Amino acid sequence: MKTRHLISTTALTFALAGVASANDLRDYARDIFEPLPSTIPALADNPVTPEKIDLGKALFFDPRMSASGVFSCNSCHNLATGGDDNMPTSIGHGWQKGPRNSPTVLNAVFNEAQFWDGRAADLAEQAKGPVQAGVEMANTPENVVATLNSMPQYVEWFKASFPAEGDPVSFDNFAKAIEAYEATLITPAPFDAWLNGDDNALNAEQVAGMELFIDKGCASCHNGVNLGGNGYYPFGLIEKPGADILPEGDKGRFAVTETADDEYVFRASPLRNIDQTAPYFHSGLVWDLKVAVQIMGESQLGEDLNDAEADQIVAFLGSLTGTLPQVVYPILPVETATTPRPTGEVK
C-alpha cells in the first residue's frame, strides 16, 4: 500500500504537470485504485458452487440461526439498506445494543480482514462471531447444528454443497456457505466503469472530487479495490476527535493485539456504497457524509476542507455506489418437532 507522502507527492507532481488527457488521469488513478472484478473471487479453502451459494443465502436470511429465532445475518446487514442496518449500533438478542456500528456486507469479500478491529481473517470466520455473541444472535455452534439437522431440507442442501464429506452439517460448513453467498454481493459502480475506460461514467464534479480525494491524502488509507478495508490506522492521527465521535472506552485493535501502539487503531473503512450506510465511523455517531468527510480531513490529514471541497469529495464517493445483484427472498426449510425451540433468555 502506498504511503500518504508518496501519494501526495505524486498528486502534486501530477497536478503541476497538468492532465494531458482523461487516459492519463485514469492510468494515474489505476495505480491507486482497482475496479471490481467481473467474476466472483476465489475463496481460500472454500470452492464456490451454485449449491453452496444457495445454501449460504438461506442461512443468511434464516432467523432461526439465532437463539431467539428473531435475528438473521440480514438483520444487521440488510441488503435492502446498503448491507448494514442504518443504526448507530445494532440491536440484538434481548434488544441489547451492540458496541459498534455494523459494517456493510457488500463487497466485504475484498477486505483484508473483517470487523472494525480486523479480528476475523475472512468472511467465514466473521460469520461465526455474531452467531455466538451474546448481544447479537446469542446462539451456540451445537444449537445451530442441531437446528440444521432437525430440518431434512437443510441436510440435503448441505450434502449437495459439501458432497465429499460424510457428515457435512457442521458449524464450519455453515460459515463457509455464508461466506460463499456473501462473496456474490458485489456492486459494480460508475467508478468501475470509469476505471475501465468509460469517460462518461463520471461527471466533472465527481472527477474533481476524485482528484481532491487523492491530492489531499484520503487515498493513502482508502485505496485498492474496496477503497479501504486493507489497513489499520489510528483514528485521530493528527487531531483526536472528541468523545462525541470517538468513545474513550473503545480502543479498537488494541483489544485484539493488546499492543499499546494499537490503541484507537481501526481498519480503514471500505468506501463503496458509503452514501447508503449512514451513520458513520465505528461509533455510528455521525449521520451526514459531508460532515464525516470534513472530520476525517481534520483528524487524519490535518486538512480543513471547505464546503466546496467536501461537496466534491462527497460527489466522488457517490460514484462508488453500485448495483446490487438481484436478491430474491429464499423459501426456507420448515422446522420439525425436533427443532430447538427459540428462547429470549439473556444470559
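1. Quick ground rule before the aromatics: rings of Phe, Tyr and Trp (its six-membered ring) pair if their centres lie within 6.5 Å. On that rule, this predicted model comes out with 14 aromatic pairs.

2. Take Phe33 and Phe191 as one of them: the centres are 5.5 Å apart and the planes sit at 75°, an edge-to-face arrangement. Phe33 is in the loop between α2 (22–30) and α3 (50–61), while Phe191 belongs to helix α9 (residues 190–195), so this contact ties together parts that are 158 residues apart in sequence. Both partners are buried: Phe33 has 1% relative accessibility, and Phe191 has 0%.

3. Have a look at Phe71 and Trp95 too. Their ring centres are 5.7 Å apart with the planes at 70°, so this pair is also edge-to-face. Here the link runs between distant parts of the chain, 24 residues apart: Phe71 is in the loop between α3 and α4 (73–76), and Trp95 in the loop between α4 and α5 (123–132). The two rings differ in exposure, though. Phe71 is buried at 10% relative accessible area, whereas Trp95 is exposed at 63%.

4. Back to Phe33 and Phe191 for a moment: which cluster do they belong to? Ring pairs join them with Trp194, Phe213 and Phe316.

5. Two lysines are worth a glance as well. Lys240 places its charged end over the ring of Tyr264, 3.8 Å from the ring's centre. Lys251 lies over the face of Phe254, and there the distance to the ring centre is 5.8 Å.

How values were computed
Residues are numbered from 1 along each chain as its sequence is written. This is a predicted model: local features need pLDDT of at least 70, side-chain atom pairs count only at pLDDT 80 or more; totals for chains, interfaces and linings use all residues. Side-chain values use heavy atoms; hydrogens and water are left out. Rings of Phe, Tyr and Trp (its six-membered ring) pair if their centres lie within 6.5 Å; planes under 30 degrees apart count as stacked, over 60 as edge-to-face and the rest as tilted. Helices (H or I, at least four residues) and strands (E, at least two) are DSSP runs, numbered from the N terminus. Buried means under 20% relative accessible area, exposed over 50%, partly exposed in between (1.4 Å probe, protein chains only). A charge sits over a ring if NZ of Lys or CZ of Arg is within 6 Å of the ring centre and within 35 degrees of the ring normal.
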